[in-house]
Each structure stands twice: as C-alpha cells, then as structure tokens.
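Subject: Structure for you to look at

Hello,

Here is the structure I promised to pass on. Please open it beside this email and follow along.

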Amino acid sequence: MNPRIELDRDDFERGFAALVLTVLDLVRELMERQALRRIDVGDLSDEQVERIGDTLMALDERMRELRERFGVSAADLGIDIRTPDLAPEGMPDRMPDVTPESRPRP
C-alpha cells in the first residue's frame, strides 16, 4: 500500500483558495458589521464614514476578483455568520450590501 496521498494540484489549489477566501470573507463581514454599528451610533466623522464605505467597496471588488481568479463562487465560501446562533440579539439575518447609493452621505 502506498502511504502517499494522490492530490490533483488544481483541486488542491482551488480548495486552499476557497479556504483562504472564506476566512477573508468572514473577516470582511465582521469589519463591515462593526463599521455599520459605529455609523449607527454616530461614532464616526463624515470623512471616516466615507473612507469606510470606499474601503469596503474596494475590498468587495478585490474579493470578487480573487474568487474569479481561483474559480471559487460566493456560494463556495462556507461560513455564514448571519445564522441565529452566531448573530447578536436584534441583528438582521442579512446585512445590507454596501453600494455607492446606499452609503450614508453628509
């Protein structure tokens, strides 16, 4: 019996990319939630709100590019933190998408 595991390089690369992108997407979503909480509390200046919106949109675009590059769909990213078990009390099931039109304006 051969003790070596046969791995397809492309499958391994895609699986590893999906794992890394899942972790990055989780961190992105947590950052977005924190930013939205701080905006709701009024804890940020208009300039900070603008920078956060720009940063989140750029991060979303970069994630889309990376998913495309590695052939990973958004559905392949396997952690959904919007489940009732993990969401804080009163947290909506789905966070709103950040778009230029939805960003708060001064």
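Below is what was found in it, topic by topic.

**Ground rules**

This is a predicted model, where local features need pLDDT of at least 70, side-chain atom pairs count only at pLDDT 80 or more, and totals for chains, interfaces and linings use all residues. Residues are numbered from 1 along each chain as its sequence is written, and side-chain values use heavy atoms, with hydrogens and water left out.

**Overall layout**

The chain has two helices and zero strands. Both kinds of element are DSSP runs, numbered from the N terminus: helices are H or I with at least four residues, strands are E with at least two. Of the 106 residues in the chain, 24% are buried. Buried means under 20% relative accessible area, exposed means over 50%, and partly exposed lies in between (1.4 Å probe, protein chains only).

Now look at contacts, meaning heavy atoms within 4.5 Å. Take those in the chain with a separation of 6 or more: residues 24 or more positions apart account for 80% of them.

**The two helices**

Start with H1, which covers 9-41. The expected span of a helix is 1.5 Å times one less than its number of residues. H1 has 33 residues, so it should span 48 Å, and its end C-alpha atoms are indeed 48 Å apart. Just after H1, Gly 42 takes a positive phi of about 80°.

H2 covers 46-70. It has 25 residues, so the expected span is 36 Å; its end C-alpha atoms are 36 Å apart, which agrees. Just after H2 comes Gly 71, with a positive phi of about 70°.

What do the buried residues of H1 pack against? They pack against H2. The buried residues of H2, in turn, pack against H1. On the H1 side, the buried residues include Ala 17, Thr 22 and Ala 35. On the H2 side, they include Val 49, Gly 53, Leu 56 and Met 57.

**The nonpolar core**

In soluble globular proteins, nonpolar side chains tend to be buried together. A nonpolar core here is a set of buried Ala, Val, Leu, Ile, Met, Phe, Trp, Tyr and Cys residues joined through side-chain atoms within 4.5 Å.

Which residues make up the largest nonpolar core? There are six: Ala 18, Leu 21, Met 63, Leu 66, Val 72 and Leu 77. H1 and H2 each supply at least two residues of this core. Follow Ala 18 for a moment. Leaving aside residues up to four places away in sequence, Ala 18 touches Val 72 and Leu 77.

**An aromatic pair**

Rings of Phe, Tyr and Trp (its six-membered ring) pair if their centres lie within 6.5 Å; planes under 30 degrees apart count as stacked, over 60 as edge-to-face, and the rest as tilted. By this rule there is one aromatic pair. The ring centres of Phe 12 and Phe 16 are 6.2 Å apart and their planes are at 10°, so the pair is stacked. Both residues lie in H1, four residues apart, about one turn of the helix. Phe 16 is partly exposed, at 48% relative accessible area.

**Salt bridges**

Side chains of opposite charge can pair when their charged atoms come close. A salt bridge is a side-chain nitrogen of Lys or Arg within 4 Å of a carboxyl oxygen of Asp or Glu. How many salt bridges does the structure hold? It holds nine. Here are three of them.

- Asp 25 and Arg 28 meet in a salt bridge (3.0 Å, N to O). Both lie in H1, three residues apart. Both are buried, and Arg 28 has a relative accessible area of 12%.
- Glu 29 pairs with Arg 33, with the closest N and O atoms 3.9 Å apart. These two are also buried. They sit four residues apart in H1, so about one helical turn separates them.
- Arg 62 pairs with Glu 65, at 3.1 Å between the closest N and O atoms. Arg 62 is partly exposed, at 44% relative accessible area. Glu 65 is partly exposed too, at 38%.

Salt bridges that share partners also join Asp 25, Arg 28 and Glu 32 into one network.

Best wishes
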